[in-house]
Amino acid sequence: MTLPMELPSSTPRDRLRFDATVPRALVHRASVAEVFITDSVASPANTPDGAEAVFDVAAQLPRGHLIGENPAAYDFLLIVEVLRQAGVLVAHQHLGVAIDSAFIFKSMSYEVRSPEALRIGSRPAHVVVGLTVRPERNRAGRVLGFEFDGVFEVDGTVALLASGALVFVSRRAFDLLRTKGRERVRAADPGATLVSRLAPADPAVIGRRDPRNVVVTDPAVDTAGNALARVVVDTAHPHLFDHQLDHVPGNLQLEAARQVAVASVARLHGLAPEHLVVTGLRAVFTEFAELDLGTTVLARIDGVRQAEELGLLAVPVAVRTEQSGSLCSDVTVEVAQWA
């Protein structure tokens with residue numbers, strides 16, 4: 001006689017829902033169409049002292065979106081935005097961070113583990129981001145920020161591993177921080193170059209099709225592997241400026257780095273820009289980038305490496321975003337040819 005096998009008990013992750021998005025205020029978006037998170041749950045094993053906590057965050061990736069121009073794979077900016085929204089939601093929903101707090105991304109990194117998992121299929125993909133967060137608290141126990149590690153699963157397959165750091169401040173403290181920052185920039189460089197009308201690159205040069213999604217001028221690339229471009233800021237862009245901002249947002253700086261990296265690698269190695277995808281990202285944000293100042297992107301293209309874990313040839317590109325000679329973000333983007 002064969003005894004019936006004991007069925008495993010369900011876990012909180014099993015109860016995640018994908019049928020509706022969370023309220024847009026919980027992920028700091030103005031448009032409902034720009035919300036990708038659908039649910040979240042806390043691990044029952046989280047410790048009472050809150051030194052480290054684990055959460056599962058659900059999201060749905062749309063097969064069609066303004067920034068999702070590659071018909072084969074989910075877009076770099078979409079992945080970045082899902083990670084950002086996951087961190088913001090956990091802070092509000094589970095860690096008690098006030099809804100009117102300002103969020104400052106200090107860093108973000110990810111490494112693709114399965115390009116195939118990011119291939120667009122016949123239906124919108126279901127994502128679960130497993131976040132392990134390490135909150136920093138003040139003496140009263142209020143969360144001031146956290147570092148996180150994340151596992152980004154697409155339809156049950158690990159697509160990439162991520163990490164990053166967030167800081168939360170009150171709206172008043174943020175306004176004071178921004179005022180002092182602007183004063184410091186003007187004092188350091190009274191003749192700072194004001195932003196002017198810039199001609200964006202041809203979309204085909206940077207692996208885009210929609211002119212609205214071009215955020216850099218045509219990169220100048222030399223044979224030694226150095227590139228230079230300027231950031232083209234369009235405050236009417238429905239995704240990058242979903243709501244009013246007083247600075248150049250981090251996701252715009254990341255996309256500028258991606259576009260310069262793609263254009264530079266394509267030119268140096270004779271590759272098709274539309275077939276170059278991001279397989280690795282490391283970014284640190286050091287200063288706010290002002291909307292009214294010119295922003296320069298400087299890149300150094302490294303040699304080709306064999307990404308054995310992916311079965312692809314990849315090229316790391318080190319990118320600096322600067323205003324008046326001051327560093328705003330330090331980014332390394334690794335791109336690989338994948339069709």
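By class, the lining of the largest pocket is made up of 23 nonpolar, 14 polar and 13 charged residues. Here Ala, Val, Leu, Ile, Met, Phe, Trp, Tyr, Cys and Pro go down as nonpolar, Asp, Glu, Lys and Arg as charged, and the others, Gly among them, as polar. The model is a predicted one, with local features needing pLDDT of at least 70 and side-chain atom pairs counting only at pLDDT 80 or more, while totals for chains, interfaces and linings use all residues. Residues are numbered from 1 along each chain as its sequence is written, and side-chain values use heavy atoms, with hydrogens and water left out.

The largest pocket has a volume of about 1100 Å³. A pocket is found on a 1 Å grid over the protein atoms alone, as an open set of points where a 1.4 Å probe fits, with protein on both sides within 12 Å along at least five of seven lines; its lining residues have an atom within 4 Å of a point. Grid points are joined across faces, edges and corners, and the volume is the space filled by probe spheres set on them. In total, 50 residues line the largest pocket, and F103, I104, F105, H247 and F288 are the ones nearest its centre. Two or more lining residues come from each of α1 (76-94), β3 (102-112), β6 (157-169), α2 (171-188), β9 (247-248), α3 (250-269), β11 (289-290) and β15 (326-337). Helices (H or I, at least four residues) and strands (E, at least two) are DSSP runs, numbered from the N terminus. Helix α2 gives the largest share of this lining, with 10 residues.

Next comes the second largest pocket, which holds about 400 Å³ of space. Its lining takes in 27 residues, with N70, D75, E274, L276 and V277 nearest the centre. The elements that put two or more residues into this lining are α1, β3, α3 and β10 (276-285). Strand β10 supplies the largest share, 4 residues. Sorted by class, the lining of the second largest pocket has 18 nonpolar, 3 polar and 6 charged residues.

On to the charged pairs: the structure holds 22 salt bridges, each one a side-chain nitrogen of Lys or Arg within 4 Å of a carboxyl oxygen of Asp or Glu. In one of them, the side chains of R84 and E81 come together at 2.8 Å, N to O. Both residues sit in helix α1, 3 residues apart, or about one turn of the helix. R84 and E81 are also both buried, where buried means under 20% relative accessible area, exposed over 50%, and partly exposed in between (1.4 Å probe, protein chains only).

Helix α3 has a pair of its own, with the side chains of E255 and R258 meeting in a salt bridge at 3.0 Å, N to O. E255 and R258 are 3 residues apart in that helix, which puts about one helical turn between them. E255 counts as buried because its relative accessibility is 1%, and R258 counts as buried because its value is 6%. Beyond single pairs, salt bridges that share partners link R29, E34, E81, R84 and D242 into one network.

A salt bridge also joins R134 to D149, with the closest N and O atoms 3.0 Å apart. R134 belongs to strand β4 (residues 125-137) and D149 to strand β5 (residues 143-154), so this pair ties together parts that are 15 residues apart in sequence. R134 has a relative accessible area of 28%, so it is partly exposed. D149, at 35%, is partly exposed too.

At the surface, V151, V158 and L161 make a nonpolar patch of about 180 Å². Patch residues have over 30% relative accessible area and no salt bridge, with nonpolar side chains (Val, Leu, Ile, Met, Phe, Trp, Tyr) joined within 5 Å and like charges within 9 Å. Accessible areas come from the Shrake-Rupley method with a 1.4 Å probe, and for residues only the protein chains shown count as cover. L161 is part of strand β6 and is partly exposed because its relative accessibility is 33%.

Lastly, some backbone angles. Most residues other than glycine have a negative phi. H28, however, has a positive phi, near 60°. H28 lies in the segment before β1 (37-42) and is buried, with a relative accessible area of 19%. Phi of D155 is positive as well, near 50°. D155 is found in the loop between β5 and β6 and is partly exposed, at 42% relative accessible area.
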